[in-house]
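Please open the model in a viewer and display the backbone as a cartoon. The stops below proceed from the whole chain to individual residues.

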Amino acid sequence: MTLADAYALATLTGTLMLAVGWCIGRYHRRTDASRAERVARPPGPHPAAVADELALALAALATSCCLTAAVTAGAEHDPAHCTRKDQTL
Ligand SMILES: [Zn+2]
């Protein structure tokens, strides 16, 4: 092994160790943040949040052309029940 090979190997090893360290640190930062968020959250269901989600879902259902479009956010439609006039299905 030449000196250049040893230098290249040391550089590669150092770079890999930095990348591994960065990944481990990122994992710990993310788990610490999610743990802190979970601790700060009040226990039990959140009625206001559930009511908001239900209101949004009902509004999406009321304004959609068919149930399939409401469920798939407009990506798909049920040709048998869709009220959309410009259907190309
Ligand atoms: Zn539809």
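A residue counts as buried if 20 or more other C-beta atoms lie within 10 Å of its own, as exposed if 12 or fewer do, and as partly exposed in between. By that rule, none of the 17 residues of H2 is buried, so this helix lies largely in the open. The model is predicted, and this criterion will be applied at several of the stops that follow.

**Stop 1: the whole chain**

Select every residue. The secondary structure comprises 3 helices and 0 strands, in the order α-α-α along the sequence. The C-alpha atoms occupy a box of roughly 75 × 45 × 15 Å along the principal axes. How does the radius of gyration of the protein stand against that of a compact globule of 89 residues? The protein has 27 Å, whereas such a globule would have a value near 12 Å. Buried residues account for 2% of the 89 residues.

Next, colour the chain by confidence. The mean pLDDT is 87, and 97% of the residues reach 70 or more. Among the elements, H1 has the lowest mean, 88, and H3 the highest, 90. Where pLDDT is low, the predicted coordinates should not be read in detail.

**Stop 2: the two domains**

Colour residues 1–41 as domain 1 and residues 45–89 as domain 2. The C-alpha centres of these domains are 44 Å apart.

**Stop 3: helix H1 and Trp 22**

Select residues 3–40, which form helix H1. Its 38 residues should span 56 Å at 1.5 Å a residue, and the distance of 55 Å between its end C-alpha atoms agrees with this. The number of buried residues in H1 is 0, so this helix lies largely in the open.

Within H1, show the side chain of Trp 22. Is Trp 22 buried or exposed? Trp 22 is exposed, because 10 other C-beta atoms lie within 10 Å. Then draw a distance from Trp 22 to Ala 70: their C-alpha atoms are 42 Å apart, with a sequence separation of 48 residues.

**Stop 4: helix H2**

Move to residues 47–63, helix H2. From first C-alpha to last, its 17 residues reach 24 Å, close to the 24 Å expected at 1.5 Å a residue.

**Stop 5: helix H3 and Val 71**

Select residues 67–71, helix H3. Val 71 lies in this helix. With 15 other C-beta atoms within 10 Å, Val 71 is partly exposed. A distance drawn to Glu 37 gives 29 Å between C-alpha atoms, for two residues 34 apart along the chain.

**Stop 6: the segment after H3**

Select Ala 73, in the segment after H3. Most residues other than glycine have a negative phi. Ala 73, although not a glycine, has a positive phi of about 55°. Ala 73 counts as exposed because it has 9 C-beta neighbours inside 10 Å.

Finish at Glu 76, which is also found in the segment after H3. Its 13 C-beta neighbours inside 10 Å place Glu 76 in the partly exposed class. Which residues does Glu 76 touch, leaving aside those up to four places away in sequence? Glu 76 touches Thr 68 and Ala 69. A last distance, from Glu 76 to Met 1, spans 62 Å between C-alpha atoms, with 75 residues of separation in sequence.

Key. Residues are numbered from 1 along each chain as its sequence is written. This is a predicted model: local features need pLDDT of at least 70, side-chain atom pairs count only at pLDDT 80 or more; totals for chains, interfaces and linings use all residues. Helices (H or I, at least four residues) and strands (E, at least two) are DSSP runs, numbered from the N terminus. The radius of gyration is taken over C-alpha atoms; the globule rule is 2.2 Å times the number of residues to the power 0.38. The expected span of a helix is 1.5 Å times one less than its number of residues. pLDDT is the predictor's confidence in each residue, from 0 to 100. Domain bounds come from an automatic or database domain assignment. Two residues are in contact if their C-beta atoms, placed from the backbone, lie within 7 Å.
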